[in-house]
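Hello,

Here is the structure I promised to pass on to you. Please open it beside this email, so that you can look up each residue as you read.

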Amino acid sequence: MTTDTDLEAEIQRLLTEHDRIAEQGITVQRRDHLIVLGGEVESAQRRDEICKQISTHFPDVQITCDIGITRAQAPSEVEEIS
């Protein structure tokens, strides 16, 4: 039987060591009966790939992907400072 801590550690290890993910900035938290992935990545495609890989490797675990997207390009508007 896998404990919550073991499951979180396994998911964190996959996030770090998987060749298509290699992500250290994602948090893994147990909330009630599901695992919540948090943090920020540079694109929606990267977020979707991370969630897909975790769901594929842990099919019996309910995963919620709460990963945000950081703005990676230059701003399109001038910011006025007063």
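Below is what I found, going from the whole chain to single residues.

Please keep in mind that this is a predicted model. All the values I quote were computed from it.

**The whole chain**

Let's start with the general layout. The chain contains two helices and three strands, and their order along the sequence is α-β-β-α-β. If you trace the chain from its start, you can tick off these elements one by one.

How does the radius of gyration of the chain compare with that of a compact globule of 82 residues? The globule would come out near 12 Å, but the chain has 15 Å. The box filled by its C-alpha atoms, taken along the principal axes, is roughly 60 × 30 × 15 Å.

Of the 82 residues, 30% count as buried. The chain exposes about 6,000 Å², and 44% of this comes from carbon and sulfur atoms. Among the contacts with a separation of 6 or more, 56% are between residues 24 or more positions apart. As for charge, there are 8 positive and 17 negative side chains. The centres of these two sets lie 4 Å apart.

**The strands**

Now to the part I would look at next. Strand β1 covers residues 27-31 and strand β2 covers residues 34-41. The two run antiparallel and are joined by five bridges. You can find two of the pairings yourself: Gln29 stands opposite Val36, and Arg31 has Leu34 as its bridge partner.

On to the third strand, β3, which spans residues 63-69. Which way does β3 pair with β2, parallel or antiparallel? The sense is parallel, and seven bridges hold the pairing. One place to see it is Ile35, whose bridge partner in β3 is Ile63.

Strand β2 thus pairs with β1 and also with β3. Six of the eight residues of β2 are buried, so this strand is largely enclosed by the rest of the structure.

While you look at the strands, here is a general point to keep in mind: in a regular strand, the side chains alternate between the two faces of the sheet.

**Two residues with a positive phi**

Two backbone angles are worth a look. Asp32 is not a glycine, yet its phi is positive, at about 55 degrees. Asp32 belongs to the loop between β1 and β2, and this hairpin has two residues between its strands. With a relative accessibility of 71%, Asp32 counts as exposed, because the cut-off for that word is over 50%.

The other case is Ala22, again not a glycine, with a positive phi of about 45 degrees. Ala22 sits in the loop between α1, which covers residues 4-17, and β1.

**Three residues to compare**

Is Val36 in strand β2 buried or exposed? Val36 is buried: its relative accessible area is 5%, and buried means under 20%. Beyond its neighbours within four places in sequence, Val36 is in contact with Thr27, Val28, Gln29, Arg31, Thr64 and Asp66. If you want a distance to check, Val36 and Ile54 are 18 residues apart in sequence and 11 Å apart from C-alpha to C-alpha.

Glu23 lies in the loop between α1 and β1. At 13% relative accessibility, Glu23 counts as buried, because this value is under the 20% cut-off. Setting aside the neighbours within four places in sequence, the contacts of Glu23 are Leu15, Thr16, Val41, Arg46 and Ile50. The C-alpha atoms of Glu23 and Arg46 are 10.0 Å apart, with their positions 23 residues apart along the chain.

Ser76 is in the segment after β3. Its relative accessible area is 76%, so Ser76 is exposed. From Ser76 to Ile50, which is 26 residues away along the chain, the C-alpha distance is 28 Å.

If you have time for just a short look, I suggest strand β2, which is largely enclosed by the rest of the structure, and then Asp32 with its positive phi.

Have fun exploring, and write back if anything is unclear.

Best wishes

Notes. Residues numbered from 1 in each chain as written. Predicted model: local features only at pLDDT ≥ 70, side-chain atom pairs only at ≥ 80, totals over all residues. Heavy atoms only, no water. Helix = DSSP H or I, 4+ residues; strand = E, 2+ residues; numbered from the N terminus. Rg over C-alpha atoms; globule rule 2.2 N^0.38 Å. Buried < 20%, exposed > 50% of the residue type's maximum accessible area, 1.4 Å probe, protein only. Contact = heavy atoms within 4.5 Å. Areas by Shrake-Rupley, 256 points an atom, 1.4 Å probe, with all protein chains shown as cover. Lys, Arg positive; Asp, Glu negative; His and termini not counted. Charge placed at Lys NZ, Arg CZ, Asp CG, Glu CD. Pairing = 2+ DSSP bridges.
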